[in-house]
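Good morning, and thank you for coming. I would like to take you through the disulfides of this structure and then one of its hairpins.

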Amino acid sequence: MTGTTIGEWGRTTKGESYSFTYKAGDAKPAAPAAPAAASCSVYISDVSFHGAGAGAWFQWETSQACSGSFGSQKLQTQMWRSSWSGPRGYNNWHGTGLTSSSFIDYGWSTDCNDGGGTYTYYPVMQGYASGIGWGPKTRSDNDLRKGCGTRSPNP
């Protein structure tokens with residue numbers, strides 16, 4: 001989708017790490033001069049809100065694709081919320097297990113703690129691949145202003 005934020009990171013054959021983010025449809029930043037020994041890119045969907053009252057929840061999707069000599073990969077995600085002192089985790093980090101597959105795709109959700117105060121919420125994800133390490137934290141392109149409080153009822 002045009003305008004979607006994509007995060008990419010990797011390690012060159014010379015052992016140098018690199019990472020960058022860009023918007024789908026824009027020119028992709030130039031990779032390092034040395035060829036990549038392994039690289040991964042991540043995608044996080046827009047967050048959506050479903051239901052009402054005590055039955056309300058947030059939902060989003062994450063995916064990661066790796067190529068080259070990466071060994072195995074996994075990803076983690078967390079819902080963040082606004083705070084006067086900066087973003088805070090609304091729930092705990094949740095992640096996938098390690099897999100040798102070159103592509104992983106998961107859907108996530110977290111419940112709304114209805115009536116607990118109004119904040120701005122958005123999910124963040126981070127990918128990992130052995131031989132490369134952790135990539136940059138990448139957030140959804142949208143956020144939602146809801147009355148779901150400071151902490152998810154099911155962290």
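A disulfide, meaning a pair of cysteine sulfur atoms within 2.5 Å, joins Cys40 to Cys66, with an S to S distance of 2.0 Å. Cys40 lies in strand S3 (residues 36-44) and Cys66 in strand S5 (residues 57-68), so this pair ties together parts that are 26 residues apart in sequence. Strands here are DSSP runs (E, at least two residues), numbered from the N terminus. The torsion about the S-S bond of Cys40 and Cys66 is about 105°, so the disulfide is right-handed. Cys40 and Cys66 are buried, that is, under 20% relative accessible area with a 1.4 Å probe, protein chains only.

I should say that this is a predicted model, in which local features need pLDDT of at least 70 and side-chain atom pairs count only at pLDDT 80 or more, while totals for chains, interfaces and linings use all residues. Residues are numbered from 1 along each chain as its sequence is written, and side-chain values use heavy atoms, leaving out hydrogens and water.

The structure holds 2 disulfides. Cys112 and Cys148 form a disulfide with their sulfur atoms 2.0 Å apart; with -100° about the S-S bond, this link is left-handed. Both Cys112 and Cys148 are buried.

Let us turn to the hairpin. Strand S1 (residues 5-12) pairs with S2 in the antiparallel sense over 7 bridges, where pairing requires at least two DSSP bridges between the strands. Gly7 stands opposite Thr21 in S2. Along S2 (residues 17-23), Tyr18, Phe20 and Tyr22 point to one face and are buried, whereas Ser17, Ser19, Thr21 and Lys23 point to the other and are not.

Terms used
Buried < 20%, exposed > 50% of the residue type's maximum accessible area, 1.4 Å probe, protein only. Helix = DSSP H or I, 4+ residues; strand = E, 2+ residues; numbered from the N terminus.
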